[in-house]
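What follows goes through part of a structure, starting from the surroundings of one residue and then turning to a sheet.

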Amino acid sequence: MSESKKIGHSVSVHSPSGMDLAGLVGLLVAVPAVAYLARSGHRHTGAARRAHLLLAAGGALVTAAALAGLVTALITGHHHSPGHAQALATAVATGTAIGVVALLAGTVALPGAARGPAAALRHVLDGLVIAAAIWFVGWVLVSRPTRILGDATPYRCPAILVPAVLVVLSLGLTAVLALHAHRPRRHTVRVSAGVGLVAVAANVLAVGICRGNDGFTLASGLLLTAGLAVVAWAVRAADRPVQVTGDVLERGGAYAVFPMLALLSALGHHLAMGGTLDAAGYFGAAVVGLALVARQYLALDDVRRYTLRLRQSEAHFRELAHTDPLTGLANRRGLQRALRSSTGAAALIGIDMDGFKTVNDMRGHDVGDAVLAEVGARLRRNLLSGDVAARLGGDEFAVLMRGDADEAVLTAHRLLAVLGEPYEVDGGSIFLSASLGVAATGELLHDADLALRYAKQRGKNRVERYQAGYDEVLRRRGTLTGELRHAIDRGQLSLVFQPVVALPSMRPVGAEALLRWTHPDLGRVPPVEFIPVAEESGLINRIGAWVLEQACKQLAEWRAKGHDVWLSVNLSPKELHNSDYAAQVADVLAEYGVPPQRLVLEVTEHAVATDMEELVRRLAELRKTGVRIALDDFGAGYSSLGQLRTLPVDILKIDHALVAEPESRTGTAAPLVDVVVRLGHRLGLEVLAEGIGTKDQRKIVEEAGCRLGQGSLFGWGVPAEHFESRLRTLRPAGPRPLPAPRATPPNDAPARSQVVRLGPGMRQVRALLPSDPDFVTTRGDQNVGSVDSGREMGQG
């Protein structure tokens with residue numbers, strides 16, 4: 001019996017008060033808030049997931065530690081054992097402190113709280129400065145001699161120091177986030193404020209357990225529940241994407257000044273009242289100093305890295321300012337910088353791609369950009385070390401190289417060949433030529449540009465070296481541009497007509513309308529001079545429309561007088577690219593009542609160099625109007641024989657170089673004329689040889705089987721009345737007999753032989769079958785003007 005009485009006296013059962021139970025119930029209410037934070041963390045990804053899980057873990061630790069401490073205190077009756085109460089308060093304070101630290105870490109990790117880990121560390125240090133100042137001021141107030149709490153000062157409860165530190169740290173972090181969190185910052189500040197309430201609750205609970213105060217216990221439960229509820233509510237309200245916008249320099253640094261003023265003021269008051277510094281005071285002052293030093297170090301490191309980024313950005317943008325973004329070559333500024341820094345002999349090559357605007361118009365700017373990029377790549381591959389290639393704008397390039405003028409001319413010819421190779425873009429081939437100007441002395445940019453313009457004026461696809469007389473040439477070009485704008489209105493333009501004859505009779509069957517310009521002051525301006533000016537200035541469309549109208553008007557007059565001839569008009573590539581040009585031609589023909597078959601539109605081979613598919617479409621639109629299409633200057637170097645199978649043309653005009661140049665080189669004509677004529681006939685095309693100036697050339701053309709000829713041998717371009725006079729002399733007095741049809745031999749007719757000239761002194765006899773187009777029983781002169789088919793036009 002005595003032993004049982006001892007046990008009863010050693011274990012006293014504490015009866016919980018109503019406040020204790022109320023505090024316990026309040027802590028249990030915090031559990032749903034913790035559960036919501038856990039669910040929110042599992043629902044998110046990335047930074048939001050980590051932050052929400054940290055908040056959930058911190059809330060769970062604080063709640064668990066508080067519940068464990070409060071239940072233990074209720075069961076063991078800590079009111080009657082001060083030593084046991086202090087131990088329990090220390091354990092509760094430690095557990096809740098770990099949870100509050102996790103809550104603070106989750107707050108800093110929230111999206112929008114900081115731009116990154118470095119910014120989060122700066123926020124923590126800034127909060128530590130404010131917290132240390134608050135701690136120091138609080139220490140002054142509660143320590144001797146101030147002792148603002150009097151006998152209630154909790155000296156016998158050292159366990160509250162840890163949660164008290166976290167309370168002031170929460171306050172400091174809340175102040176920093178209110179200044180520097182990204183907008184909208186209210187949600188982040190609410191989370192931080194809720195964590196601060198949780199830290200205060202942990203501190204109040206430790207005090208209540210240590211001092212055995214039931215009111216503190218109830219208050220701690222309510223504060224803890226309220227704090228976690230605020231955190232959960234703020235997290236739910238902030239559950240949306242955050243746009244990070246902040247000040248790189250983080251202006252508004254007064255938060256570091258006011259804590260220091262508060263600390264110094266409190267220290268002065270404390271010393272003035274006769275107080276001394278103990279461990280707590282030294283701790284607060286040391287934390288402030290260390291935090292400020294660390295923060296200053298980070299600030300200097302930020303400034304250093306920011307300055308480095310500025311320098312790198314400045315260098316990058318400076319390089320961009322001197323570099324062409326499309327080709328990667330230098331731009332005009334980069335070339336000028338290279339010119340200023342160049343030493344020794346230097347030469348400049350100006351480059352312009354001929355007809356590039358047509359590529360943009362017909363294939364689009366994406367294809368044009370791809371061509372320009374390939375031009376830049378070819379220039380880079382063909383330059384020596386130290387040379388500088390630049391794109392000056394549009395399709396204009398330049399190359400600055402070391403060397404004299406002769407070396408620069410050799411380099412320019414090499415680049416001319418390289419840039420003239422086909423460009424394989426978007427599954428098709430684009431053919432372009434280039435004009436190059438070379439300058440090695442004087443003002444290189446100016447002189448090379450003058451030489452380049454002169455190269456384009458002289459026919460393009462060539463290299464020109466600068467000469468002093470180019471200034472006068474270009475001044476004249478400017479004068480021509482200004483005067484040409486008014487040439488039509490002032491009646492200075494006129495047409496002359498060069499005969500096209502049937503071979504071998506040399507009877508005129510048609511004519512080519514040629515434009516002439518006679519200026520009252522400048523005199524007669526040759527077409528080779530003013531036609532390029534019209535194309536570059538954009539006047540070619542208006543002039544071409546005038547030529548078309550005047551030619552149709554003249555053709556209508558001739559037909560009204562009984563002259564059955566056809567007339568050809570040269571078509572500029574820019575006119576061909578107009579979407580309504582076919583309708584314009586049809587309107588002019590209808591206005592003057594000209595049969596479409598009597599009008600021939602001549603397209604130069606240069607048009608073939610741009611886009612074959614688009615060219616075929618444009619020419620097909622023209623042929624739908626009934627007019628005939630002639631491919632002029634065939635053999636000048638752009639079109640290939642294979643392209644003749646797809647081009648919708650009716651007449652093939654052999655370039656004069658194929659007729660005249662081989663004769664001057666070898667003494668007799670090469671077999672190219674014969675090859676072209678036979679190929680044209682095989683494809684159903686009529687072939688016209690132009691540039692015939694001698695009887696020997698005419699003989700060669702006739703032997704090749706060509707039935708149409710044009711050149712000085714048959715007459716130069718003459719006014720309309722002179723050509724009409726010639727037509728009248730050839731017109732028969734009586735009614736014109738109907739043309740005899742071409743003899744069509746039967747399929748079983750015997751084969752005949754034909755002598756073919758292969759070259760100088762070389763002849764070959766070949767068999768001529770009845771199915772061959774050249775198999776005819778008689779050779780006569782048909783009435784070319786009265787036939788409409790493209791094959792029979794001009795046969796003779």
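**A glutamine and a five-stranded sheet**

Gln-498 touches Gly-510, Ala-511, Glu-512, Leu-514, Gln-710, Gly-711, Ser-712, Gly-715, Trp-716 and Gly-717, leaving aside residues up to four places away in sequence; contact means heavy atoms within 4.5 Å. The model is predicted, so local features need pLDDT of at least 70 and side-chain atom pairs count only at pLDDT 80 or more, while totals for chains, interfaces and linings use all residues. Residues are numbered from 1 along each chain as its sequence is written, and side-chain values use heavy atoms, without hydrogens and water.

Gln-498 belongs to strand β8 (residues 493-502). Strands (E, at least two residues) and helices (H or I, at least four) are DSSP runs numbered from the N terminus. With a relative accessible area of 11%, Gln-498 is buried (under 20%, against over 50% for exposed and in between for partly exposed; 1.4 Å probe, protein chains only). Its side chain makes a polar contact with the side chain of Gln-710, at 3.1 Å. A polar contact is a pair of N or O atoms within 3.5 Å; within protein, one must be able to donate a hydrogen and the other to accept it, and residues adjacent in sequence count only if both atoms are side-chain atoms.

Elsewhere, five strands form an open sheet with mixed pairing, in the order β2-β3-β1-β6-β7. Two strands pair if DSSP finds at least two bridges between them. At the edges are β2 (388-393) and β7 (463-465), each pairing on one side only. β2 pairs with β3 (residues 396-402) in the antiparallel sense, over five bridges.
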